[in-house]
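Visitor: I am new to reading protein structures. Could you walk me through how a bound molecule and empty space are described?

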Amino acid sequence: MGAVTLRVETTRWRAHLHRVADTSPGLVPVAKGNGYGFGLGRLAVEAEQLGAGTLAVGVAAEVAAVHDQFGGDIVIMTPFRPGDPLALQLAADPRIITTVSRLDDLTLLAGAAGSPRVVVEVLTTMCRHGIAVDDLPAVPDLLPGLTFEGWTIHLPIAGNQAPEAAALVRASQAAAPGPSWLSHLPADRARQLGVDVRLRVGTKLWLGDPASLRTTATVLDVHRVRRGEHAGYRLRRVGHDGWLVVLAGGTANGIALSAPTAAAGPRQRALAVISGGLEASGRSLSPYTIAGKKRWFLEPPHMQVSLVLLPDPVTPPAVGEEIEVQVRNTTALFDRIVDA
Ligand SMILES: *Cc1c(COP(=O)(O)O)cnc(C)c1O
């Protein structure tokens, strides 16, 4: 079977998960989106085995994928908004913690059934969601009818977060005491805050030991090609004698996708080209490594298949062989995940 396969060296990977759990104060594993490549259900099971008391999901619709696999509390990180029937229904579930980022939404939820459990979001310099520092003193009066589970502070990844974290923790604790739910703060910094911390971690947990993860793609076909011949959907001209290697993996697998934000400066743009994210003079370097080198795409990847050129005199791989492919796990969809 042809596939893009994620191979997890589970003993090593789980040792890393335990190391992060042991060193992160009040670790809250994050399972959202594509489940960092592993899938939400798998992460819920792993979080349960890690002994986490709370799991964080991104949006209300993701709760269904983790609810039965994880026995503890589930915090929904995207703030509650009026007019979302699913979020309102989940707020009544005693295992769900709802994030609230506006004073009006606190009022609305306080009128809902079952004294919903809430964390209240504080606006940071990231400027995404949250109640501004000046408005925090208004929060305690809106808490009757709710079960207050603490404050949430989502820091930017860039810059020195420690002083901002300290200032926002101080301001929020002055308004109402409760746990501080933090993201993107190193564990030692979080501990120095001297408050009850819940540290949410996704990438550094699930993808923090890249050597425990390996991605391969199956060789589906190999064709002899001559310089000047044309091939592919777009009948692109082949520049060298060699081999056209047909590989498992395409846009549906997230092959050759890179986040636009990753290409900020000239150096980063160059890196994006190298990893196959952008077109360079009509051709892109693919993320597939054959005989020790990344190889050029003939044309942009198809939905589930890619065409890659292998110039003479390199010996082509055999059909059925597994070759190394570099993917971004947060945008990847693997055909299978194999525990090794
Ligand atoms: C996604 C998210 C995280 C986890 O981010 P990583 O960079 O993957 O660790 C933490 N906190 C919030 C609020 C998030 O939305």
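Guide: Gladly! Let's begin with a term: a polar contact is a pair of N or O atoms within 3.5 Å. Keep in mind that this model is predicted.

Visitor: Which ligand atom does a polar side-chain atom of histidine 184 lie 2.7 Å from?

Guide: That partner is an oxygen atom of the ligand. The side chain of lysine 32 has an N or O atom 2.8 Å from a ligand oxygen, and for serine 183 an N or O atom of the side chain is 2.6 Å from a ligand nitrogen.

Visitor: How much of the ligand's exposed area does the protein bury?

Guide: Alone, the ligand would expose 390 Å², and the protein buries 87% of that. The space that the ligand takes is the largest pocket.

Visitor: Which residues surround the ligand?

Guide: Among them are Val30, Tyr36, Met77, Arg128, His154 and Thr203. Sorted by class, the shell has four nonpolar, five polar and three charged residues.

Visitor: And how do we look for empty space?

Guide: Rolling a probe the size of a water molecule over the atoms reveals where space is left empty. In this structure there is one cavity of 30 Å³ or more, and the largest cavity holds about 30 Å³ of space.

Visitor: Which residues line the largest cavity?

Guide: Its lining consists of Glu121, Val122, Thr124, Met126, Cys127, Arg128, His129 and His154. By class, that lining has three nonpolar, three polar and two charged residues. Look back at the ligand, too: Arg128 and His154 are also among the residues surrounding it.

Notes:
Residues numbered from 1 in each chain as written. Predicted model: local features only at pLDDT ≥ 70, side-chain atom pairs only at ≥ 80, totals over all residues. Heavy atoms only, no water. Near = heavy atom within 4 Å. Polar contact = N/O pair within 3.5 Å; in protein donor to acceptor, adjacent residues only side chain to side chain. Areas by Shrake-Rupley, 256 points an atom, 1.4 Å probe, with all protein chains shown as cover. 1 Å grid on protein atoms, 1.4 Å probe; cavity = no way out; pocket = protein on both sides within 12 Å on 5 of 7 lines; lining within 4 Å. Sits in = over half its atoms within 2 Å of the grid points. Nonpolar A, V, L, I, M, F, W, Y, C, P; charged D, E, K, R; others polar. Points joined across faces, edges and corners; volume = space filled by probe spheres on them.
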